[in-house]
Amino acid sequence: VIGAGPMGLLYSHALATRGVVGSLVEPSRARRELAEATMPARWRIVENLDRVVEQTPHGHVAELGIDLIVDTSGRAVEHALQHLARGGQVLAVGLGGGAITVDPGVFADESKRIVGSIDSLDGSFAAALDLIESGRLPANAIVSHTFALSEYRQAFGELGIDLRRRRRMAPGAALKVVLKP
């Protein structure tokens with residue numbers, strides 16, 4: 001799973017409920033430290049996708065590639081395809097990553113797939129809600145900050161968004177911020 005934000009953590013837990021043991025990829029040291037406390041058991045966190053390949057026992061991934069990559073960052077689909085195994089799948093979850101360049105041969109010759117995720121027609125929203133309501137997904141554990149609605153500027157600031165200047169900054173030590181009315 002690429003991206004140790006709220007969606008990345010939730011996807012890692014959802015996969016863990018299916019018995020998947022994997023890696024969470026996050027380049028930001030601060031974000032890695034926040035995520036370590038809420039990761040699924042037996043999962044590990046690494047700074048980049050190349051480290052997933054290097055640290056896999058027996059080097060099997062280095063030879064064969066990774067079967068499933070979930071990109072919650074919106075910026076790693078093109079790079080993920082390079083590490084994907086023949087017949088593997090990239091689930092593109094993150095938004096706003098911009099255009100990518102892909103050789104059609106990866107689909108025709110290597111049977112690789114890119115699948116989008118913003119679709120409720122397949123019942124995935126209901127399944128996700130069931131995982132959260134049943135407690136199998138620790139949704140509350142990823143909430144790092146709670147603010148009153150009147151403190152919305154401070155809340156956005158923790159996420160690295162300066163509303164007054166209308167620009168992005170370095171994020172604070174927030175994982176998931178919740179505003180309460």
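A pocket, on a 1 Å grid over the protein atoms alone, is an open set of points where a 1.4 Å probe fits, with protein on both sides within 12 Å along at least five of seven lines; lining residues have an atom within 4 Å of a point. A volume is the space filled by probe spheres set on the points, which are joined across faces, edges and corners.

This is a predicted model: local features need pLDDT of at least 70, side-chain atom pairs count only at pLDDT 80 or more, and totals for chains, interfaces and linings use all residues. Residues are numbered from 1 along each chain as its sequence is written, and side-chain values use heavy atoms, with hydrogens and water left out.

**Exercise 1.** Work out what surrounds the second largest pocket.

*Solution.* Start with the volume: about 910 Å³. Next, find the centre: of 29 lining residues, Tyr11, Ala14, Leu91, Ser124 and Ala128 sit closest to it. Then look for the top contributor: helix H7 (124-133) gives the most, with 7 residues. (Helices, H or I, at least four residues, and strands, E, at least two, are DSSP runs numbered from the N terminus.)

**Exercise 2.** Do likewise for the largest pocket.

*Solution.* Its volume is about 1,100 Å³. Of the 38 lining residues, Gly5, Arg31, Thr72, Arg75 and Arg168 are the closest to the centre. For helices, check H1 (6-17), H2 (29-36) and H3 (49-54): each supplies at least two lining residues.

**Exercise 3.** Describe the protein overall.

*Solution.* Count the elements first: 8 helices and 9 strands. Then take the spans of the C-alpha trace along its principal axes, about 55 × 40 × 35 Å.
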